[in-house]
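Trainee: Could you take me through some of the labels used for this model? I would like to see how each one is earned.

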Amino acid sequence: MNHHNAPQEEPAEHLRFAAYLSELKQVSDADEADLVSEVLADPDQTMAQSAVLRHLDRRATDIHPCPAYEPWAEWMTQVTVRHPVLARRLQEWSLFRAITLGQHWRRDALLESSDWLQLKTAAGPNTEAVEVLAEHGRSKRIRNTARINLKQSSPRSAATQRIHKS
């Protein structure tokens, strides 16, 4: 018998992961915290936290520029408080939000942040943050991304200044 051609069952945690992602994608705002708590109660914590992390990233991407972000982030922080990876991601989304909206942010907080946030910020629109990362980003990839972003934004800035001077 050739075992390589036999259909293999999908592992249970893979099926739960897919089901969780689907449920989290469709959950109402009112039921979101309960569903996140339910997912985080799964015995496979690596899988559960991975599903919730994807959900947090998807939701935060959609709402970080909006006023609805702050109450959402506070609520999700309460739900994820016992999960350091998730709590940190929410903190970093809040820092990313402050940077992209031109609100108060600390240089040290950016430099102490994860590669994920530094890379995301290096490709973003805040020139001050991008300059910090071009010089002091944690990895060569982050520094290069920031430098490329600065070079690409310079011609746009110069063109915009010429238009406004005319």
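Mentor: We will take the labels one at a time and set values against cut-offs.

Trainee: What should I keep in mind about confidence in the chain?
Mentor: The model is predicted. The chain averages a pLDDT of 91, and 89% of the residues score at least 70. Residues 157-166 are below 50. That stretch has 0 contacts in the model beyond near neighbours in sequence.

Trainee: How many helices and strands does the chain have?
Mentor: The count is 9 helices and 0 strands.

Trainee: Why are Trp93 and Phe96 called an aromatic pair that is edge-to-face?
Mentor: Take the distance, then the angle. Ring centres must lie within 6.5 Å, and planes over 60 degrees apart count as edge-to-face. Trp93 and Phe96 are 5.7 Å apart, centre to centre, with 90° between the planes. Both tests are passed, so the label holds.

Trainee: Where do Trp93 and Phe96 sit in the chain?
Mentor: Both belong to helix α5, residues 84-100. They are 3 residues apart, so about one helical turn separates them.

Trainee: How do you know whether Trp93 is buried or exposed?
Mentor: Buried means under 20% relative accessible area. Trp93 has 1%, so Trp93 is buried. Phe96 has 7%, so Phe96 is buried too.

Trainee: What makes Trp93 and Trp116 an aromatic pair?
Mentor: Their centres are 5.4 Å apart, and the limit is 6.5 Å. The angle between the planes is 65°, which is over 60, so this pair is edge-to-face. The pair links distant parts of the chain: Trp93 is in helix α5, Trp116 is in helix α7, and their positions lie 23 residues apart in numbering.

Trainee: Why is Trp116 called partly exposed?
Mentor: The label covers values between 20% and 50%. Trp116 has a relative accessible area of 26%, so the label fits.

Trainee: Which residues form one aromatic cluster?
Mentor: Trp93, Phe96 and Trp116.

Trainee: What makes you say that the charged end of Lys120 sits over the ring of Phe96?
Mentor: The distance limit is 6 Å from the ring centre, and the charge must also be within 35 degrees of the ring normal. Lys120 is 5.0 Å from the centre of the Phe96 ring, and its charged end is listed as sitting over that ring. Arg89 lies over the face of Trp116, at 3.9 Å from the ring centre.

Trainee: How much of the chain counts as buried?
Mentor: Of the 166 residues, 38% do.

Key. Residues are numbered from 1 along each chain as its sequence is written. This is a predicted model: local features need pLDDT of at least 70, side-chain atom pairs count only at pLDDT 80 or more; totals for chains, interfaces and linings use all residues. Side-chain values use heavy atoms; hydrogens and water are left out. Rings of Phe, Tyr and Trp (its six-membered ring) pair if their centres lie within 6.5 Å; planes under 30 degrees apart count as stacked, over 60 as edge-to-face and the rest as tilted. Helices (H or I, at least four residues) and strands (E, at least two) are DSSP runs, numbered from the N terminus. Buried means under 20% relative accessible area, exposed over 50%, partly exposed in between (1.4 Å probe, protein chains only). pLDDT is the predictor's confidence in each residue, from 0 to 100. Contact means heavy atoms within 4.5 Å.
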